[in-house]
Amino acid sequence: MDGFVDMSAAKAAAAKQKANGADFEKPIPPLLSAAAFMATFTNPNYLIDGIIQRGRVHALTSMTGHGKTALALFLACLIATGRNLGNIEVVQGDVVFLAGENPDDLCGRFHAACQFYNVDPADLPIRVMPGNFPMTGETAETLRQQLDATERPIALIIGDSAAAYFPGDDENHNVQMGAFARNLRVLTGCTGNPAVLIL
C-alpha cells in the first residue's frame, strides 16, 4: 500500500456514526507518496478540445442578456452534430439541455438554430427538460437516475441558468454556492461521464 494511513477503518466508523445519526468529523485523507499521488492522474477527455472536458463542471458567465444561452445552444449543436469549432476538434455526443430560465424563448432559438445549421430536429441528439427546480443533492441524484434510465450516454448537460436551479437563498454565499457546485457534480456521474455547463 503506497499510502501511509489506512482509512478503511476510519471510513467504516464514520459511516456507522452517520447511519446512527451521530455527528462525526470527516476522516483525514490518506497520505500518499509522490508516486502514488501521480498515479491517480487521468488524461483530460475533451468534448471541445482544450475548452470543455468530460466529467467536469464548467461555468459560463456574463451579464444578463449578453448571449450565454445563444453560445450554449451553439456549443450544444456542435457537440450533437460533431462539427468542429473552426480548427478545434469537437467530439460528437448526446446533449441534455435543462431549460430552467425561459423554455419558450429557448424553443424559438432551437427553431432558428436548426434552420441556420441546416439540421433536421428529428436527427438532433439533444433532449430538453423545460422548467426549473432546486438542484439539491437529492434532486441531482434523482435526475442522474432518470437520465441513466434512458440508456443513452450523455456528452454534455447544460443548465440554463444557475439562478433557476440554485437551492439556496444567497448566490454570493461561498458555502451555499460550494454545495450547489457539488450537487451539479453529481450529474457528471451519468452514463457517458458528461461535462456539465452551468450558465
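Asp148 and Arg144 form a salt bridge in which the closest N and O atoms lie 2.7 Å apart, and the two residues, four apart in helix 5, are separated by about one helical turn. The model is predicted, and the structure it describes holds five salt bridges. The points below take up the salt bridges within helices 5 and 4, then a network of shared partners, the pairing of strands 4 and 5, and the surroundings of Gln53.

**Salt bridges in helix 5**

- Arg144 also meets the side chain of Glu141 in a salt bridge, with an N to O distance of 2.6 Å.
- Glu141 and Arg144 are three residues apart in helix 5, which covers residues 137–148, and are therefore separated by about one helical turn.
- Glu141 counts as partly exposed, because its relative accessibility is 27%.

**A network with shared partners**

- After the pairs of helix 5, in which Asp148 is joined to Arg144 by a salt bridge, a further group can be described: Asp94, Arg127 and Arg152 are joined into one network by salt bridges that share partners.

**Salt bridge in helix 4**

- Asp105 forms a salt bridge with Arg109, and the closest N and O atoms of this pair are 2.6 Å apart.
- Asp105 and Arg109 both lie in helix 4, which spans residues 103–116, and because they are four residues apart, about one helical turn separates them.
- Asp105 is partly exposed, with a relative accessible area of 34%, and Arg109 is likewise partly exposed, with a relative accessible area of 32%.

**Strands 4 and 5**

- Strand 4, made up of residues 94–99, runs parallel to strand 5, made up of residues 126–130, and five bridges join the two.
- Within this pairing, Leu98 has Met129 of strand 5 as its bridge partner.
- The path of the chain leads from strand 4 through helix 4 to strand 5, and the resulting β-α-β crossover is right-handed.

**Gln53 and its contacts**

- Gln53 belongs to strand 2, which consists of residues 52–53.
- Gln53 has a relative accessible area of 13% and is therefore buried, the cut-off for this class being under 20%.
- When residues up to four places away in sequence are not counted, Gln53 touches Pro44, Asn45, Tyr46, His58 and Ala195.

Conventions: Residues numbered from 1 in each chain as written. Predicted model: local features only at pLDDT ≥ 70, side-chain atom pairs only at ≥ 80, totals over all residues. Heavy atoms only, no water. Salt bridge = Lys/Arg side-chain N within 4 Å of Asp/Glu carboxyl O. Buried < 20%, exposed > 50% of the residue type's maximum accessible area, 1.4 Å probe, protein only. Pairing = 2+ DSSP bridges. Right-handed = clockwise from strand over helix to strand, strands pointing away. Contact = heavy atoms within 4.5 Å.
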